Amino acid sequence: MKKKLSIAIDGPAAAGKSTVAKIIAEHYSYIYIDTGAMYRALTYKALQEDIDLHDEEKVANVLSRLNIELHPTVDGQIVMVNDENVTEIIRSNEVTNNVSIVAMHSQVREEMLKRQRQFATEGGVVMDGRDIGTHVLPDAEVKIFLKASVEERANRRHQENQKKGYSSDFEQLKQEIANRDKLDSEREIAPLKKAEDAIEIDTTALSILDVVKKIEDYIVERL
Ligand code: CDP
Ligand code: CDP
């Protein structure tokens with residue numbers, strides 16, 4: 001039987017992580033873990049409780065009361081928090097524009113790291129996020145760092161919004177993405193950074209299938 005690998009995919013917002021991670025997980029019958037959804041779920045609950053998101057103790061206390069579950073289905077991943085389906089609501093602008101504050105706290109990151117490692121104990125996992133190759137799965141056999149220009153990434157989100165019929169302002173999206181990039185890469189604990197042994201792919205001018213092909217060629221090498 002072929003060895004079951006751990007595959008870490010990191011990079012900034014809209015670099016294409018979750019799209020390619022899902023395809024690769026399906027091809028290899030691996031589980032897909034979207035770690036950003038876990039930070040989003042916590043942010044949603046903390047906003048609901050109306051606490052100060054800069055207060056580390058309070059945010060960590062909210063997390064200690066949350067059971068976050070990720071369920072893969074044929075229509076994508078379902079995110080459940082204490083038995084509430086939060087799959088859609090955690091993508092709201094309010095959550096998106098506050099999640100990087102919640103993700104800065106060391107107590108939050110320590111707890112998330114524990115929970116995320118538990119998902120990966122058996123291997124056979126594709127996990128995407130910001131610190132997977134550097135902190136969560138430092139021994140992953142395959143580490144990928146996806147990037148793309150901020151214009152291209154804002155454009156991707158803009159197109160997604162338009163397709164869903166949501167109002168969308170390209171310049172505002174660009175600003176929000178740049179702000180989040182800055183907070184995520186400049187935080188003290190586990191910042192967004194390419195792991196030394198990760199391969200970097202600039203997806204700005206690549207199709208989704210081009211990116212998948214590059215990663216799968218690399219996986220074949222590693223196998
Ligand atoms: O989908 P998108 O790339 O916009 O974001 P996401 O993957 O859902 O992650 C949302 C936020 O969670 C990021 O901007 C980070 O602040 C935080 N995050 C993190 O700190 N570490 C991770 N491993 C994953 C997400
Ligand atoms: O997970 P992450 O935030 O890194 O990005 P995503 O949600 O997977 O991708 C953002 C959007 O860009 C999706 O609508 C993808 O279909 C699109 N995309 C693309 O057009 N070209 C790529 N090479 C990758 C993603």
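Begin this tour of a predicted model by selecting Val81, whose bridge partner is Glu84 in strand β5. With this pair on screen, extend the selection to the whole of β4 and β5, which run antiparallel and are joined by 2 bridges. The two strands form a hairpin with 2 residues between them, and in that turn you can pick out Asn82, which has a positive phi of about 45 degrees.

Next, add strand β3 to the view. Strand β4, at residues 76–81, is joined to β3 by 6 bridges, and these two strands also run antiparallel. If you select Glu69, you will find that Met80 in β4 stands opposite. Here too there is a hairpin, since β3 and β4 are linked in this way with 2 residues between them.

Now display β3, β4 and β5 together. In what order do the strands of this open sheet stand? The order is β3-β4-β5, with 3 strands in the sheet and antiparallel pairing. Strands β3 (68–73) and β5 (84–85) each have a single partner strand and stand at the edges, so one side of each is left without a neighbour in the sheet. Keep the sheet visible and select residues 35–48, which make up helix α2; this helix packs on the sheet, where it touches β3 and β4, and its direction makes about 40 degrees with that of β4.

From the sheet, move to ligand 2 and show the residues around it. The shell has 15 residues, and those that come nearest are Gly16, Lys17, Ser18, Thr19 and Arg156. Which elements give two or more residues to this shell? They are α1 (17–28), α8 (150–164) and α10 (208–222), and among the contributors α1 gives the most, with 3 residues. If you colour the shell around ligand 2 by residue class, you should see 6 nonpolar, 6 polar and 3 charged residues.

Finally, widen the selection to residues 7–219, the stretch at which UniProt, in an unreviewed entry, places the feature "domain: Cytidylate kinase". Within this span, 50% is helix and 17% is strand. To end the tour, mark the C-alpha atoms at the two ends of residues 7–219, which lie 9 Å apart in the model.

Technical notes:
Residues are numbered from 1 along each chain as its sequence is written. Chains are lettered from A and ligands numbered from 1 in the order in which they are written. This is a predicted model: local features need pLDDT of at least 70, side-chain atom pairs count only at pLDDT 80 or more; totals for chains, interfaces and linings use all residues. A residue is near a molecule or strand if its C-beta atom, placed from the backbone, lies within 6 Å of it. Helices (H or I, at least four residues) and strands (E, at least two) are DSSP runs, numbered from the N terminus. Ala, Val, Leu, Ile, Met, Phe, Trp, Tyr, Cys and Pro count as nonpolar, Asp, Glu, Lys and Arg as charged, and the others, Gly among them, as polar. UniProt positions are given in the numbering used here, feature names are shortened, and annotations may be inferred rather than shown by experiment. Two strands pair if DSSP finds at least two bridges between them. Two residues are in contact if their C-beta atoms, placed from the backbone, lie within 7 Å. Axes are lines fitted to C-alpha atoms, for helices over the stretch in contact, and angles run from 0 to 180 degrees between N-to-C directions.
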